[in-house]
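Here's a quick tour of a protein chain for anyone new to reading structures. Have a look at the model first, then work through the notes below.

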Amino acid sequence: MPANIKLHQLRAFVDVARQGSIRAASRLTGLSQPALSKSIQELEQVLGARLFIRRQQGVALTDIGDNFFRHASLVLEELRVAQEGVQQRLGLAGGRVNIGVGSSVARTVMPQVIDQFHREYPQVRVRIVEGQLVSMIHELRQGELDFTINTYDQRHFDRELSYEQLMEREYKVVVRKGHPCEKARTLAALQHCNWTMPTPKGSYYRLLHDLFYERGLTPTVPVICETFMACTGLVAQSDFVSILSVDVIADPILSRQLVALELDEPLPKATFYLIQRRDTTMTPMSAWMAQLFRRYCQS
């Protein structure tokens with residue numbers, strides 16, 4: 001970092017960029033709007049470039065500002081990790097751990113990991129983001145997530161990330177109890193149904209599209225559900241069809257509402273990985289949580 005760029009200027013810039021306005025950043029940080037404006041003006045003078053376009057309803061990043069934001073936010077996250085790492089190694093186990101998990105992991109392995117971690121380190125704050133890897137790439141790259149437990153599409157390998165295989169899980173087609181196709185045995189028998197799945201830009205669900213394509217089938221997917229609750233709620237109360245992990249289907253509550261179809265064609269298994277930025281070092285607390293995921297995923 002150039003010597004004439006000060007840390008408070010970077011923090012002011014990143015906070016305003018994330019909030020989209022100086023007023024919102026002021027409420028978040030407790031700093032006055034004039035103080036934030038001054039810090040950003042000083043930073044723009046140091047860089048010799050305009051970082052924001054001022055608008056009536058807030059601010060927007062310029063092209064240069066957007067590029068600088070990616071670097072500045074990563075610098076701040078690396079400093080946070082480094083500072084917390086020192087404190088944790090001195091026995092001052094504070095700070096926070098930021099993780100991402102796939103929906104099936106959130107319903108199965110994650111609760112056990114978080115429960116044990118919190119009992120051991122109750123003063124460490126934990127942030128959990130649920131979703132597919134595609135929705136977490138930005139936060140992983142920026143250091144805002146320490147790691148994610150998720151599936152990924154090997155055809156879209158990201159060289160900035162490292163992938164450690166943890167477990168495989170079986171998936172099945174699910175419908176509500178009493179669904180007209182509850183006795184279906186083939187994918188072709190479900191061709192006319194309305195399906196709901198996460199975005200096909202994801203990882204495991206891309207494999208499913210390939211599976212349909214190989215059989216000359218084109219499922220109708222009029223509804224994309226990006227959250228587990230939306231997906232299971234829709235399937236349980238309508239004739240929509242979806243695909244879920246067998247671990248999730250075995251949940252005592254869901255098993256009373258959903259039926260896993262026994263198809264003649266097995267679905268591909270989903271492989272879950274511990275995914276993190278290749279060039280980063282975890283804090284001791286993040287590393288311990290990753291170790292707990294390894295333990296519970298492989299048990």
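A cavity is a set of grid points where a 1.4 Å probe fits but cannot get out, and its lining residues have an atom within 4 Å of such a point. Keep that in mind for the hollow spots further down. One more thing before we start: this is a predicted model.

**The chain as a whole**

- Counting up the secondary structure gives 11 helices and 12 strands.
- If you box in the C-alpha atoms along the principal axes, you get roughly 70 × 45 × 35 Å.
- The chain has 299 residues, and 51% of them count as buried.
- Take the contacts between residues at least 6 apart in sequence: 75% of these join residues at least 24 apart.
- As for the outside, the accessible surface is about 15300 Å², and carbon and sulfur atoms account for 51% of it.
- There are 35 positive and 31 negative charges, and the mean positions of the two sets sit 4 Å apart.

**The largest cavity**

- The model has 2 cavities of 30 Å³ or more.
- The largest cavity has a volume of about 280 Å³.
- Its lining is made of 22 residues, and those nearest the centre are Ser103, Ser104, Tyr171, Pro198 and Tyr205.
- Four elements each give at least two residues to this lining: α5 (103-107), α8 (204-214), α9 (228-236) and β10 (242-245).
- Which element gives the most to the lining of the largest cavity? That's β10, with 3 residues.

**The largest pocket**

- The largest pocket has a volume of about 500 Å³.
- This pocket is lined by 19 residues, with Asp15, Arg18, Glu77, Arg80 and Arg96 nearest its centre.
- Two or more lining residues come from each of α1 (7-19), α4 (63-89) and β3 (96-101).
- Helix α4 provides the largest share of the pocket lining, at 7 residues.

**Three residues to find**

*Ala24*

- You'll find Ala24 in helix α2, which covers residues 22-29.
- Is Ala24 buried or exposed? Ala24 counts as buried because its relative accessibility is 12%, and the cut-off for buried is under 20%.
- Ala24 and Glu160 are 136 residues apart along the chain, and their C-alpha atoms are 32 Å apart.

*Trp288*

- Trp288 belongs to helix α11, residues 284-297.
- With a relative accessibility of 24%, Trp288 counts as partly exposed, since that class runs between the 20% and 50% cut-offs.
- Which residues does Trp288 touch, leaving aside neighbours within four places in sequence? Its contacts are Gln116, Phe117, Glu120, Tyr121 and Arg295.
- Now look across to Arg80, one of the residues nearest the centre of the largest pocket: Trp288 and Arg80 are 208 residues apart in sequence, and 17 Å separates their C-alpha atoms.

*Leu263*

- Leu263 isn't in a helix or strand; look for it in the loop between β11 (258-260) and β12 (270-277).
- Leu263 is buried because its relative accessible area is 16%, again under 20%.
- Skipping neighbours within four places in sequence, Leu263 is in contact with Val173, Ala184, Arg185, Thr186 and Leu187.
- From Leu263 to Cys231 is 32 residues along the sequence and 21 Å in space, going C-alpha to C-alpha.

Key
Residues are numbered from 1 along each chain as its sequence is written. This is a predicted model: local features need pLDDT of at least 70, side-chain atom pairs count only at pLDDT 80 or more; totals for chains, interfaces and linings use all residues. Side-chain values use heavy atoms; hydrogens and water are left out. Buried means under 20% relative accessible area, exposed over 50%, partly exposed in between (1.4 Å probe, protein chains only). Contact means heavy atoms within 4.5 Å. Accessible areas come from the Shrake-Rupley method with a 1.4 Å probe; for residues, only the protein chains shown count as cover. Lys and Arg count as positive and Asp and Glu as negative; His and the chain ends are not counted. The place of a charge is taken as NZ of Lys, CZ of Arg, CG of Asp or CD of Glu. On a 1 Å grid over the protein atoms alone, a cavity is a set of points where a 1.4 Å probe fits but cannot get out, and a pocket is an open set with protein on both sides within 12 Å along at least five of seven lines; lining residues have an atom within 4 Å of a point. Grid points are joined across faces, edges and corners, and a volume is the space filled by probe spheres set on the points.
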